[in-house]
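I set out to record the enclosed and open spaces in this model. My entries take the cavities before the pockets.

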Amino acid sequence: MKRLLPSREGALQRGGVLLVVLLMGWMCLWGATLPAPEVSSPPKTPEQELEAVVQLDDLVHEEIEQWLAQAETNRLADTATRAALNLKIKQRREMVNAAYEKFLKRYPEHARARILWGSFLREAGYDKEALAQWQEARRLAPTNAAVWNNLGNYYAEEGPATNAFVHYAKALELEPTQPLYHQQMARCLLVHEEDARSWFRLDSKQVILKAQEHLRRACELAPTNFALATELAQTYYLLKVPLTGNRSNDWQAAQKLSDEALAAWEMARQRATQEHERQGVLIHKARILISAERWEEARRLLEQVNDPSLAGLKVELEARLAGKEKPAPASKP
């Protein structure tokens with residue numbers, strides 16, 4: 001029987017397979033691997049692209065914070081060293097700025113990106129540029145409460161304060177259950193009391209009461225927030241009882257205000273998570289009780305304070321208390 005010889009093509013194919021097998025054997029022997037086939041990644045959505053920019057922003061922010069903290073710890077006074085640090089910070093911020101800029105060239109109508117870029121610019125000290133981004137974001141997304149709040153913050157610091165009132169009010173209209181917006185409106189009212197009196201047509205006491213309403217609402221919306229409750233309680237120091245000349249009525253009004261202040265501080269105490277915070281509240285309550293001439297109650301509270309960091313305040317209040325309790329010297333005949 002005639003033996004069939006392999007064709008040239010068949011021999012080449014078998015030779016090629018053999019060559020591949022030999023190459024793979026050598027690669028396994030020397031620890032090499034064949035390159036993986038290229039897989040095309042799915043196209044990213046705008047939100048995914050923005051998230052990458054935000055992550056870069058956060059990373060650079062943390063890095064700069066660490067540098068500044070380290071510089072403060074080391075007390076870098078050398079001019080050249082500080083200049084080098086400032087240059088590093090500038091370069092990092094330029095990198096983030098370029099990322100936002102590139103994104104918004106692709107998606108110029110993206111309101112959230114403009115809000116975030118504005119926040120970055122504001123933190124970096126580019127106030128006018130931040131304002132421009134937030135104003136454009138407001139135009140693109142007029143129902144976004146965050147941009148109204150950011151603009152409120154801007155005007156609360158840069159003025160006019162009346163613009164801050166308008167923007168905070170709009171943020172609260174759009175998102176009335178956000179405690180931060182109530183808190184910031186309250187702070188603006190108290191810091192810019194004169195403007196608030198004129199804008200809202202209120203007297204000084206009414207401005208304080210209006211601020212308290214916002215803080216009280218914020219406390220309701222954030223029922224475990226100790227700092228918010230403390231901020232509300234602090235406002236009672238601003239309220240004064242107007243004297244009418246009727247000692248009995250004035251005394252009752254003063255006691256009523258004291259009770260309200262004590263209730264606010266008690267709410268803060270209940271939200272405290274650390275013993276230092278609780279004892280700090282006791283100091284405030286004792287101060288109010290001394291002013292209200294409720295000396296025995298004040299003394300009982302001060303006896304509970306043993307935190308070393310509060311020792312100075314405790315001694316001061318005990319001295320005031322001793323002076324109040326001491327009987328007045330008899331007048332000479």
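**Entry 1: cavity lining.** In this predicted model, I looked up which residues surround the largest cavity. I found its lining to consist of Asp57, Val60, His61, Ile64, Arg93, Phe120, Glu123 and Ala124. I then traced these residues to their elements: helix H2 (46-74) and helix H4 (111-124) are the elements that give two or more residues to this lining. H2 provides the largest share, with four residues.

**Entry 2: cavity chemistry.** I sorted the lining of the largest cavity by class. I noted four nonpolar residues, three charged residues and one polar residue.

**Entry 3: cavity count and volume.** How many cavities of 30 Å³ or more are there? I recorded one cavity at that cut-off. For the largest cavity I noted a volume of about 80 Å³.

**Entry 4: largest pocket.** I turned next to the open spaces. The largest pocket holds about 410 Å³ of space. I listed 19 residues in its lining, and those closest to the pocket centre are Ala254, Leu257, Ser258, Ser291 and Ala292.

**Entry 5: pocket elements.** Which helix supplies the largest share of the lining of the largest pocket? I assigned that share to H12, with seven residues. Helix H12 (247-271) and helix H13 (275-291) each contribute at least two residues to this lining.

**Entry 6: pocket chemistry.** I closed with the classes of the residues lining the largest pocket. I entered 12 as nonpolar, four as charged and three as polar.

Key
Residues numbered from 1 in each chain as written. Predicted model: local features only at pLDDT ≥ 70, side-chain atom pairs only at ≥ 80, totals over all residues. Heavy atoms only, no water. 1 Å grid on protein atoms, 1.4 Å probe; cavity = no way out; pocket = protein on both sides within 12 Å on 5 of 7 lines; lining within 4 Å. Points joined across faces, edges and corners; volume = space filled by probe spheres on them. Nonpolar A, V, L, I, M, F, W, Y, C, P; charged D, E, K, R; others polar.
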